[in-house]
Amino acid sequence: MGEAGILFADVNALGGLVFLGALVAISIVGVAVFGGQEAARRRIRGRVGRIRDRWMGGDDEESVARLKRTVTDSGIPTLDKLIKRVVPPPAQLRQRLVRTGRRITLGEYVLSNLLLGAITATAVTAYFSVSAAVATPIGIVVGVGLPYLVVGSMARRRMTRFLKLFPDAIDLIVRGLKSGLPVTESITIVGQELDEPVGGEFRRIGDAMKIGQPLEEALWDAAGRIPLTDFQFFVIGLAVQKETGGNLAETLQNLSNVLRSRRQMKMKVRSMSSEARASAYIIGALPFILGVIIYMMNPDYSLMLFEDPRGQFLVGAGLTWLVIGAAVMAKMVRFEI
């Protein structure tokens with residue numbers, strides 16, 4: 001018994017050391033994979049923000065404060081207080097929900113977080129017979145993470161559709177300018193002729209101009225809803241042309257050609273990296289497929305891997321390195337164009 005206890009302690013100590021090493025490795029890989037891209041995006045957002053402040057001017061602090069006092073996220077006063085006190089940057093979350101193109105309020109989003117977390121914690125407690133101290137963190141992770149991922153996926157799909165149709169919108173504006181129409185009228189025509197999401201965003205710009213909002217302000221408001229560098233280039237081009245003059249049709253035509261060339265390059269890169277992505281999917285799915293096959297052939301043999309502490313340690317280590325490999329392969333086949 002004494003030797004078994006010493007062996008078990010050694011396994012736990014080794015497991016702790018490997019866990020810490022894997023955590024450090026995941027952190028380093030995460031910084032290497034996503035740090036460079038995020039830094040580049042921050043630099044672009046900073047430059048665009050400075051240009052926007054130059055053209056739009058600063059916000060009136062009194063009007064901003066008055067607006068903050070009148071914002072309500074739901075019809076439930078208690079939930080509104082919870083959102084203001086607990087939810088981190090509510091303005092960014094509202095903007096994130098707007099980018100989905102759906103009428104989802106922040107109150108509905110937070111309510112879905114709470115309900116999903118409570119249901120998950122209750123289900124884990126009931127079906128797996130674990131304590132509340134274990135079920136509560138699981139419910140929090142699922143309740144917060146799953147809606148966040150769903151909203152992010154909806155926004156990405158909408159932005160992808162926008163990029164696909166945006167060059168057509170620019171071409172339509174160019175044809176309107178060449179035929180003698182003003183740019184405001186051309187933007188209104190884009191909103192009437194093109195499908196969502198491009199048509200809807202340009203309709204919102206046209207509606208804002210109809211009630212007296214200047215074109216630059218309407219465009220910068222749209223740029224806040226559409227966090228795409230291509231659209232921000234479009235907004236900057238219109239703003240600069242208004243002050244300095246020049247051939248706006250030629251400028252927009254060049255922008256349309258650049259956008260189409262970038263899209264073609266992205267499709268070419270995706271085609272050339274298809275083999276690597278297929279290999280990544282196969283390698284990532286292979287351990288799970290083999291695990292299911294072994295369990296179907298000999299359940300007792302495979303369950304030892306999850307019941308024995310040494311097996312649990314090996315499963316955790318394997319999943320950790322699988323995540324690291326997937327992150328590295330994702331970085332290898334992803335390029336900023």
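In this predicted model, ring pairs join F162, F166, F202, F231 and F234 into a cluster. A pair of aromatic rings is described by the distance of the centres and the angle of the planes, and one pair from the cluster shows how such a description is read. The ring centres of F162 and F231 lie 5.7 Å apart, and their planes stand at 80°, so this pair is classed as edge-to-face, the class that applies when the planes are over 60 degrees apart. The pair also links distant parts of the chain, since F162 belongs to helix α6, which covers residues 132-178, while F231 belongs to helix α10, which covers residues 229-244, with the two positions 69 residues apart along the sequence. Both F162 and F231 are buried. Counted by the rule of ring centres within 6.5 Å, the aromatic pairs come to 7.

A ring can also meet a charge, and here the charged end of R96 sits over the ring of Y148, at 3.8 Å from the ring centre.

Helix α6 leads on to another residue, G152, which has its place in this helix and, with a relative accessible area of 6%, is buried. The C-alpha atom of G152 is separated by 7.9 Å from that of T100, although the two residues are 52 residues apart along the chain. T100 itself lies in the loop between α4 (90-98) and α5 (106-128), and because its relative accessibility is 4%, T100 counts as buried, the limit being under 20%. When its neighbours within four places in sequence are left aside, T100 is in contact with V151, M154, A155 and R158. Within its own stretch of the chain, the side chain of T100 reaches the backbone nitrogen of R102 at a distance of 3.3 Å.

The last element to consider is helix α14, made up of residues 309-332, whose length can be checked against a simple expectation. With 1.5 Å for each residue, the 24 residues of α14 should span 34 Å, and the C-alpha atoms at its ends are 35 Å apart, so the expected and computed values agree; the expected span is obtained by multiplying 1.5 Å by one less than the number of residues. At the start of α14, a side-chain oxygen of D308 comes to within 2.8 Å of the backbone nitrogen of R310. Further along the same element, the buried residues of α14 are G311, A317, T320 and I324.

Methods:
Residues are numbered from 1 along each chain as its sequence is written. This is a predicted model: local features need pLDDT of at least 70, side-chain atom pairs count only at pLDDT 80 or more; totals for chains, interfaces and linings use all residues. Side-chain values use heavy atoms; hydrogens and water are left out. Rings of Phe, Tyr and Trp (its six-membered ring) pair if their centres lie within 6.5 Å; planes under 30 degrees apart count as stacked, over 60 as edge-to-face and the rest as tilted. Helices (H or I, at least four residues) and strands (E, at least two) are DSSP runs, numbered from the N terminus. Buried means under 20% relative accessible area, exposed over 50%, partly exposed in between (1.4 Å probe, protein chains only). A charge sits over a ring if NZ of Lys or CZ of Arg is within 6 Å of the ring centre and within 35 degrees of the ring normal. A polar contact is a pair of N or O atoms within 3.5 Å; within protein, one must be able to donate a hydrogen and the other to accept it, and residues adjacent in sequence count only if both atoms are side-chain atoms. Contact means heavy atoms within 4.5 Å.
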